[in-house]
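Trainee: Before we start, I would like to go through the labels attached to this model one at a time, asking in each case what justifies them.

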Amino acid sequence: MAERIDGEAVAADIRDSLAGSIDRLKAEGVEPGLATVLMSDDPASETYVSMKQRDCEAVGINGIHVEIDTDAPPAELYDTVEDLNDDPGVHGILVQMPLVDDIDSRRVLRSIDPMKDVDGFHPENVGRLVAGNDRYRPCTPHGIQKLLEAYDIETEGADAVVIGRSNIVGKPLANLLLRKADDGNATVTVCHSRTDDLAEKTRNADIVVAAVGIPELVDAGMVREGATVIDVGVNRVDADTQKGYELVGDVAYEGVAEVAGAITPVPGGVGPMTRAMLLYNTVKAAGLQNSIDVDLP
């Protein structure tokens, strides 16, 4: 039976380890500030933003939340981002996706000051990551790296398969695992919806990361015995429960856990790490913007 990789516990350790860095900043008169911007009626987005604000309060980061009516003109969102860019008390800006249909999300991401782009999605920060000189690593890929590190799962020389080529997870994670570093040096294959014989690729992998948004796509027959399986997917499927649904990952957990060496659950695996690394990036941003050396974990 696979070892269960506990994202909640690792995320709690990271939050605790940020305390010294936050105290150091406050001793210099700097209170780290994270602004979240919501322009959506999506219940899941509202929940995510609320959780991020609670995380800020728990660790001593000043959480600023701005809600914009979904009927407001796009200019209101752009003006809000510009105001936050100019606010010295705001060190990180997160615009919650998805936005309403008439908003160009790429323009929004480009409008965020790269120094305050704690999601790591501004083109400048993407370029720095690809070049091996990252400023802020995107939160979910960085969180996955921290999980592997916490459970002593070696990436150097490992064959890793990443299923999914999104700008949020698949592409940046592939770049991070490839780079010449202690938490990289893997041989990486990126698979997607057009990949022929996906199972052949995954069965040869030491590490499989599923980030494609297809419920229980990866089954036991697709995983080599003893492999590490990281499930990024969070999918809502109909179920005979009080809510009428349940959350499942991109991995068929019960079957895969019988053959894998280690596996993340859904929920409680990658999700908590994404939020923890957002706090990490915010603290780092506050240090960079004020030329204060913070000792990050």
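The exchange below takes up salt bridges, burial and nonpolar cores in this predicted model.

Trainee: Why is the pair Glu 124 and Arg 135 called a salt bridge?

Mentor: The closest N and O atoms of Glu 124 and Arg 135 are 3.0 Å apart, and because the cut-off for an Arg nitrogen and a Glu carboxyl oxygen is 4 Å, the pair qualifies as a salt bridge. Glu 124 lies in helix H6 (residues 123–130) and Arg 135 in the loop between H6 and helix H7 (139–150), so the pair links parts of the chain that are 11 residues apart.

Trainee: What makes Arg 135 count as buried or exposed?

Mentor: Its relative accessibility is 11%, and because buried means under 20%, Arg 135 counts as buried. Its partner Glu 124 has 38%, which falls between the 20% and 50% limits, so Glu 124 is called partly exposed.

Trainee: How do you know that Arg 179 forms a salt bridge with Asp 134?

Mentor: The N to O value for Arg 179 and Asp 134 is 2.9 Å, which is within the 4 Å limit, so the pair is a salt bridge. Arg 179 sits in the loop between helix H8 (170–178) and strand E6 (187–191), while Asp 134 sits in the loop between H6 and H7, 45 residues apart.

Trainee: Why is Asp 183 called partly exposed, whereas Arg 179 is called buried?

Mentor: The limit for burial is 20%; Arg 179, with a relative accessible area of 19%, is under that limit and therefore buried, whereas Asp 183, at 21%, is not under it and therefore counts as partly exposed. The side chains of Arg 179 and Asp 183 also meet in a salt bridge, at 3.8 Å from N to O, which is still within 4 Å. Asp 134, Arg 137, Arg 179 and Asp 183 are linked in a network of salt bridges.

Trainee: How many salt bridges does this rule give?

Mentor: The count comes to nine salt bridges.

Trainee: Which residues touch the most other members of the largest nonpolar core?

Mentor: Within this core of 48 residues, they are Ile 61, Ile 144, Leu 177, Val 209, Ile 230 and Val 232. The largest share of the core, 10 residues, comes from H11. Leaving aside neighbours within four places in sequence, Ile 61 is in contact with residues including Ile 22, Leu 34, Leu 279 and Val 283. A second, separate core has 19 residues, among them Leu 198 and Ile 263.

Note on methods: Residues numbered from 1 in each chain as written. Predicted model: local features only at pLDDT ≥ 70, side-chain atom pairs only at ≥ 80, totals over all residues. Heavy atoms only, no water. Helix = DSSP H or I, 4+ residues; strand = E, 2+ residues; numbered from the N terminus. Buried < 20%, exposed > 50% of the residue type's maximum accessible area, 1.4 Å probe, protein only. Core = buried A, V, L, I, M, F, W, Y, C linked by side-chain atoms within 4.5 Å. Contact = heavy atoms within 4.5 Å.
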